Amino acid sequence: GSAVGQANLLFDKYFAAMLPNGNIAAMQYATKVVGFPQQLFAVAIATVIFPILSAQFASNELPSLRVTASAGLRMTALITMPAALGLIVLAQPVISVLFERGAFTYGDLVRTAGAMQFYAIGLVGLAASILLTRCFFAMRDSRTPVIVASSVMVLNVVVSALLVHPFGVNGLASANSLSSLAEAAILYFLLRGRIGASDDELAGGSMFRVVLASVAMALAGYFINGILWHDAGTIWQHIATLAVDIVTSGAVFLGLGTLLRVKELAQLLAFMADYIGRRAASVARQ
């Protein structure tokens, strides 16, 4: 399974090598930024629930396993959906603050930001695939995720070959995102066929509320950035503008998510409040 992921990266670099200089670097910068929320949150969630899923499968508690898997997917969507839309809307400011200095020119900025936007489309699928794969591992089935990943790798290669010449690195990013979404969808329906549909479906009201809050957040970030951002500004002005974009957009997401009563958001905030309270009490005792 790990080899399939590395093979995808190898094929992406192979196709990018056909493009003008700078495209491989743009692809690598874009994937690193998009991969940050995936590694920070999606992998953490999958790691936390994996032993729970394993114990529930070993005890033949399929209803509990369905609930745990569904809760993990919803929590993953809660984090990666706004992250993906935020990276799409604020692509140029993010890349500018992180990389635009020295030999990294404005042309490199536009190329890298464009690739990142297309990679970000597949972030939800990529994160969901990590968790769904752990679900199959918990059920002692390592074959199905590898077969699906191998099939999706073929899809990625075919679509990349079709899109690389007309769309360049953006075509490669689009192929990658399509493959990630396809893998997540296939794994989800295979898992659903294996353990049954949850009473609390991922595509239900909770997911719809997360989408609404994420879209509102993205629109807020887009308009605020349009007002405050100036290409000729200094690096410190750009950092300040991006910070305002992120804080304001995050406040919109939290506010609307609370207003819409997103259950996973309430759970996350309660967990954070409890953690902060415990840390404060520990410091006070010391």
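So, a pocket here means an open set of grid points, on a 1 Å grid over the protein atoms alone, with protein on both sides within 12 Å along at least five of seven lines. Keep that in mind, since a pocket is where I'd like to start. And just so everyone knows, this is a predicted model.

Okay, confidence. The protein chain averages a pLDDT of 87, and 94% of the residues score at least 70. Going by helix, α4 comes out highest, with a mean of 94, while α11 is lowest at 72.

Now the second largest pocket. There's about 870 Å³ of space in there. Its lining counts 29 residues, and the ones nearest the centre are F41, I79, P82, A83 and I246. What sort of residues make up that lining, by class? Well, 25 are nonpolar, four are polar, and none are charged.

Several helices chip in at least two lining residues each: α2, α3, α4, α9, α10 and α11. The top contributor is α3, with seven. And yes, α11 is on that list, and α11 is also where the mean confidence is lowest.

Let's move over to α6, residues 123-138. From first C-alpha to last, this helix covers 23 Å, close to the 22 Å expected for its 16 residues. Is α6 mostly covered or mostly open? Covered: 12 of the 16 residues are buried, including L123, G125, I130, L132 and F136. Those buried residues pack against α2, α3, α5, α7 and α8. Right after the helix you hit R140, with a positive phi, near 60°.

That's what I have, thanks.

Technical notes:
Residues are numbered from 1 along each chain as its sequence is written. This is a predicted model: local features need pLDDT of at least 70, side-chain atom pairs count only at pLDDT 80 or more; totals for chains, interfaces and linings use all residues. Side-chain values use heavy atoms; hydrogens and water are left out. On a 1 Å grid over the protein atoms alone, a cavity is a set of points where a 1.4 Å probe fits but cannot get out, and a pocket is an open set with protein on both sides within 12 Å along at least five of seven lines; lining residues have an atom within 4 Å of a point. Grid points are joined across faces, edges and corners, and a volume is the space filled by probe spheres set on the points. Helices (H or I, at least four residues) and strands (E, at least two) are DSSP runs, numbered from the N terminus. Ala, Val, Leu, Ile, Met, Phe, Trp, Tyr, Cys and Pro count as nonpolar, Asp, Glu, Lys and Arg as charged, and the others, Gly among them, as polar. pLDDT is the predictor's confidence in each residue, from 0 to 100. The expected span of a helix is 1.5 Å times one less than its number of residues. Buried means under 20% relative accessible area, exposed over 50%, partly exposed in between (1.4 Å probe, protein chains only). Contact means heavy atoms within 4.5 Å.
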